[in-house]
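Here is an informal walk through one protein model. Have the structure open while you read.

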Amino acid sequence: MIEVKNISKSYAGISAIKDITFTVEKGKLFGFIGPDGAGKTTLIRILTTLLLPDKGEARVGDLDVVDDFKKLRKSIGYMPGRFSLYEDLSVKENLSLFAAIFGTTIEKNYHLIEDIYKQIEPFRNRRAGALSGGMKQKLALSCAMIHAPEVIFLDEPTTGVDPVSRKEFWQMLRKLKDAGITILVSTPYMDEAALCDEVALIQDGDVLQIDSPQDIIESYGNMLFSIPGHVGFELIDRLRKADGVQNAYLFGEEIRMVFKETIEQDSVQHIVQSVGVPGELIRPVTPTVEDCFIQLMQKQE
């Protein structure tokens with residue numbers, strides 16, 4: 001459904017994305033995961049015909065993103081990272097406008113957005129600019145879906161949204177995916193990677209790894225331990241210099257320690273005790289996608 005081959009794009013000589021290649025099968029939920037500035041928005045703008053690539057090619061369905069851009073715009077849905085609907089129009093007016101642009105009506109395609117729109121329908125006469133972040137998100141997705149696209153592109157749709165709205169939004173995406181719609185979503189939140197069928201981890205325009213979240217975790221290949229509690233950077237620096245330690249970094253309110261080789265628990269306790277940490281505090285942990293991302297970045301350095 002989406003096929004990208006060696007796509008690159010630069011701004012003023014600075015590479016935003018570099019020779020990116022991937023495919024997304026029909027009906028899959030594919031995530032581009034990475035921090036701000038990684039190249040996610042540039043890629044989505046190319047795939048939605050808003051930017052021309054410097055090199056490479058991309059197709060969405062049977063349509064080329066450059067040669068067939070007019071046809072492609074009618075067959076895809078796009079939700080940009082910044083709320084871009086008409087804030088002076090009401091919820092219903094925005095939705096009616098987008099339906100009219102694509103030659104349809106709310107009534108004709110209401111079944112496509114019913115699960116989403118019914119949550120904001122009680123506020124249909126409220127100005128879009130007066131909506132909460134979560135309701136703006138639902139309205140934007142409704143507008144992106146009203147013309148029955150086969151593929152939708154969502155650029156960081158949950159950034160700045162409260163945790164409850166984030167959860168609800170991903171539940172809506174799973175329902176759309178189960179209905180056979182192909183979804184490409186970008187996000188800086190590593191915990192959202194687990195909600196995708198397949199993800200691409202991206203940093204500084206380079207794709208570090210593409211696989212299912214579970215396969216990425218299973219490919220981690222190192223022993224990972226955790227030290228709970230609030231800690232200082234001096235301790236992290238001492239741990240990084242300890243024998244056998246490949247990396248140490250903050251992870252929420254704990255320190256994660258990566259060891260170069262298989263190591264016994266007693267040896268781990270001895271190492272952390274040597275830098276002033278009680279050995280009984282350390283425990284083995286299962287890596288997350290974020291741990292894998294950190295490891296891949298370290299290999300790049």
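Since pocket linings come up first, and they are sorted by element, one definition helps: helices and strands here are DSSP runs, numbered from the N terminus, with at least four residues for a helix (H or I) and at least two for a strand (E). A lining residue is one with an atom within 4 Å of a pocket point. With that in hand, strand 6 gives the largest share of the lining of the largest pocket, four residues. Keep in mind throughout that this is a predicted model.

**The overall picture**

The protein has 301 residues, and 48% of them count as buried. Its secondary structure adds up to 10 helices and 14 strands. Along the principal axes, the C-alpha atoms fill a box of roughly 70 × 45 × 35 Å. Of the contacts with a separation of 6 or more, 68% are between residues 24 or more positions apart.

**Two pockets**

Rolling a probe the size of a water molecule over the atoms shows where empty space is left. The two pockets at the top of the list look like this:

| Pocket | Volume | Lining by class |
|---|---|---|
| Largest | about 410 Å³ | 14 nonpolar, four polar and two charged residues |
| Second largest | about 220 Å³ | nine nonpolar, two polar and five charged residues |

Start with the largest pocket, at about 410 Å³. It is lined by 20 residues, and G77, Y78, P80, F98 and F102 are the closest to its centre. Which elements give two or more residues to this lining? They are strand 6 (76-79), helix 3 (91-101) and helix 5 (133-145).

Now the second largest pocket, at about 220 Å³. Here 16 residues make up the lining, with L112, K175, L176, A179 and I181 the closest to the centre. Helix 4 (106-117) and helix 6 (163-178) each put in at least two residues, and the largest share, six residues, is from helix 4.

**The nonpolar cores**

The largest nonpolar core holds 51 residues, and L141, L154, L173, L176, I183 and L201 have the most contacts inside it. Helix 5 provides the largest share of this core, six residues. So two of our topics meet in helix 5, given that DSSP run's place in the lining of the largest pocket. L176 also turns up twice: it has been listed among the residues closest to the centre of the second largest pocket.

What does L201 touch, once its neighbours within four places in sequence are left aside? Its contacts are I33, D206, V207, L208, Q209, I216, V289, F293 and L296. Another core, of 25 residues, lies apart from the largest one and includes F32, L47, F153 and A200.

L47 takes us to helix 1 (residues 40-47), which is mostly covered, with six of its eight residues buried. Those six are K40, T42, L43, I44, I46 and L47. Right after helix 1, T49 has a positive phi of about 70°.

**Aromatic pairs**

A pair of aromatic rings is described by the distance of the centres and the angle of the planes. Searching the whole structure turns up five such pairs. One of them, F22 with F30, is stacked, at 5.2 Å centre to centre and 20° between the planes. Both F22 and F30 are buried. Ring pairs also join F22, F30 and F32 into a cluster, and F32 is a member of the 25-residue core.

For an edge-to-face pair, look at F225 and F259: 5.5 Å centre to centre, with 85° between the planes. Because F225 sits in strand 11 (residues 223-228) and F259 in strand 13 (residues 254-259), this pair ties together parts that are 34 residues apart in sequence. F225 counts as buried because its relative accessibility is 2%, and F259 because its value is 1%; the cut-off is under 20%.

**Positive phi angles**

Most residues other than glycine have a negative phi. D19 is not a glycine, yet its phi is positive, about 45°. D19 is in strand 2 (residues 14-24) and, at 42% relative accessibility, counts as partly exposed.

Where is A148, another non-glycine residue with a positive phi, near 60°? A148 lies in the loop between helix 5 and strand 7 (151-155). A148 is partly exposed too, with a relative accessible area of 41%.

Methods: Residues numbered from 1 in each chain as written. Predicted model: local features only at pLDDT ≥ 70, side-chain atom pairs only at ≥ 80, totals over all residues. Heavy atoms only, no water. 1 Å grid on protein atoms, 1.4 Å probe; cavity = no way out; pocket = protein on both sides within 12 Å on 5 of 7 lines; lining within 4 Å. Points joined across faces, edges and corners; volume = space filled by probe spheres on them. Nonpolar A, V, L, I, M, F, W, Y, C, P; charged D, E, K, R; others polar. Core = buried A, V, L, I, M, F, W, Y, C linked by side-chain atoms within 4.5 Å. Buried < 20%, exposed > 50% of the residue type's maximum accessible area, 1.4 Å probe, protein only. Contact = heavy atoms within 4.5 Å. Phe/Tyr/Trp six-rings, centres within 6.5 Å; stacked < 30°, edge-to-face > 60°.
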